[in-house]
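Trainee: Could you walk me closely through one part of this model, the side chains tucked away inside, and say what surrounds them? I'd like distances and angles where you have them.

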Amino acid sequence: TNVLQVLFNMSDVAVVGQFAGPEALGSVGSTSILVSLFTGFLIGMGSGINVVVARYIGARHDQDVHEAVHTSLILSLIVGVIIMALGFLFTPAMLSMLGTKPVLMAGAVSYLRIYCLGMPAMAGVINILLNLFFVIVCHLAAAGVALASIISQYISAALVILSLRRSGSVVRLERSMLRIEPHKARQVLSLSIPAGLQNAIFAIANLFIQAGVNSFDELMVEGNAAAANADALVYDVMAAIYTACSSFMSQNYGAGKRKRIIHSYFISMVFSFAFSAFMDCTIAANRGLGKSFVPTVIVIMGSCVFRIIWVYTVFAYFHTIESLYLLYIVSWAITATAEMICLRRVYKRQRQQIVDDAIGNISASCDGCAEGIIEMYQAYIDGEMELREVNAAFNARYVSGEQGAARRSCFGRGW
């Protein structure tokens, strides 16, 4: 779906460029960063919702799944309406801040305002056919492709909702359950808003990179614009993988299958690629374990603040296209390292919490057992062994008589 979203946006550019002329093409193209900013936020928010729902599915808490799905639908609609209103009202100001040329301003404002009307919905295949109809038959140029986008989005949204209404699974939509559950709303917003901001942050950082590209000649700017289309396709393929990573990790977390949690992370790393994979998959892994705020702060520092500093220092000094593009791999490496450290600590802390909870339950009936339990399960806390392996090793020692009589009454049955 991420790749289709990019292809739909590319179809806007292709159709308007082929049949409406260079001025209309420039108007649509000048809004691409803002469109990425808005849609990126909503896609990120959707990935946060996936994590919450997947966790309850893994835990087989059907009632919680129902409440999370219906709460998420209402929250998504509210956020979409807010973004639609902000985008519609502040379109001229945002385009002016980006330095949109006056000759392109009218078409760009028209395109972006109409496009924002589709924010509460989603994208659809019919977009391409409507692009051709509105541009070729109705001669609406930039406004035509924007109309095609929002109509297809609402049609797609209606079809998705109809599918969920007819679903026989736990995610079935029911009108009687359409309400906001406060606890589920807090869970969804605590994960989805930081996830949405994370996607939006990349678009903000890219504004400064684009300013650096614009300091070169026209040929360099055109070449960068052409490469940006391929970059969007590559990124969205990778984004689909790390979205799946967070969903699978969250589902296994809910099911209590600890070993599969880390396996999901490593499998996602294998199917993704390059330096950015380490960053994005690790961010998704943290989100899958229910942590989103700290990873988002790391992204802000590593992929936004650092890039801005790089543009005004390293790039300003060398002023070569290589020194500008190099910031991508450096910022990815720094952010990935910090995210991996964060993931290791989160993963270890959650294992420690499981042991601590067990100590609290056992201490009441067994005086002085806590120290032995911590020692016994330290390999589990460190991620070197799983609970089953620790228990099997202890039982083997117990049967062989290696454990003292004092501990037999506490640990004879394992955990």
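Mentor: Start with C342, which has a relative accessibility of 13% and so counts as buried in this predicted model. The cut-off behind that call is under 20% relative accessible area. C304 passes too, because its relative accessible area is 11%. Then there's C116, which is buried because its relative accessible area is 0%. With several cysteines on the list, you'd want to know how many disulfides there are. The count is zero. A disulfide would be a covalent bond between the sulfur atoms of two cysteines.

Let's stay with C116 for a bit. Its place is in helix α5, which covers residues 102–116. What does C116 touch, leaving aside its neighbours within four places in sequence? The answer is F38, M84, G87 and F88. There's a C-alpha distance to go with that: C116 and A85 are 31 residues apart along the chain, yet their C-alpha atoms are separated by 7.8 Å. One of those contacts, F88, has another partner to look at. The charged end of R113 sits over the ring of F88, 5.1 Å from the ring centre. R113 falls in the 102–116 stretch that makes up α5.

Next, a histidine. H70 is in helix α4, residues 62–97, and at 0% relative accessibility it counts as buried. What do its polar atoms find in there? The side chain reaches the backbone oxygen of H66 at 2.6 Å. A polar atom of the H70 side chain also lies 2.8 Å from the backbone nitrogen of E174. So that you can see why these two qualify, a polar contact needs N or O atoms within 3.5 Å, one able to donate a hydrogen and the other to accept it. E174 turns up again in the contact list: setting aside neighbours within four places in sequence, H70 is in contact with R172, L173, E174, M177, L178 and R179.

If you want an arginine that's tucked away, go to R287. It is in helix α11, residues 274–288, and a relative accessible area of 3% makes it buried. Its contact list, again leaving aside neighbours within four places in sequence, runs to S47, G48, V51, R55, L191, A195, Q198, Y242 and S292. Among them, S47, G48, V51 and R55 have numbers inside helix α3, residues 32–58. Likewise L191, A195 and Q198 have numbers inside helix α8, residues 182–213.

Since α3 has come up, here's its geometry. It has 27 residues and reaches 38 Å from its first C-alpha to its last, close to the 39 Å expected at 1.5 Å a residue. After α3 comes R60, whose phi is positive, near 60°.

For contrast, look at I193 on α8. Buried or partly exposed? Partly exposed, because its relative accessible area is 26%. Beyond its neighbours within four places, I193 is in contact with F41 and V188. The C-alpha atoms of I193 and G46 are separated by 9.4 Å, with their positions 147 residues apart along the chain.

Now the rings. A pair of aromatic rings is described by the distance of the centres and the angle of the planes. How many aromatic pairs are there? The count comes to four. One of them is Y265 with F266, a tilted pair at 5.4 Å centre to centre and 45° between the planes. Y265 counts as buried, because its relative accessibility is 6%, whereas F266 is partly exposed at 47%. F306 and W310 make another tilted pair, with 5.8 Å between centres and 50° between planes. Those two lie in helix α12, residues 293–318, four residues apart, about one turn of the helix. W310 itself is buried, with a relative accessible area of 11%.

Last, step back to the whole chain. There are 17 helices and zero strands. Of the 415 residues, 43% count as buried. Among contacts with a separation of 6 or more, 77% come from residues 24 or more positions apart, and the R287 list, with S47 and L191 in it, is a handy place to look at some.

Methods:
Residues numbered from 1 in each chain as written. Predicted model: local features only at pLDDT ≥ 70, side-chain atom pairs only at ≥ 80, totals over all residues. Heavy atoms only, no water. Expected span 1.5 Å × (residues − 1). Buried < 20%, exposed > 50% of the residue type's maximum accessible area, 1.4 Å probe, protein only. Contact = heavy atoms within 4.5 Å. Disulfide = S-S within 2.5 Å. Phe/Tyr/Trp six-rings, centres within 6.5 Å; stacked < 30°, edge-to-face > 60°. Lys NZ or Arg CZ within 6 Å of the ring centre and 35° of its normal.
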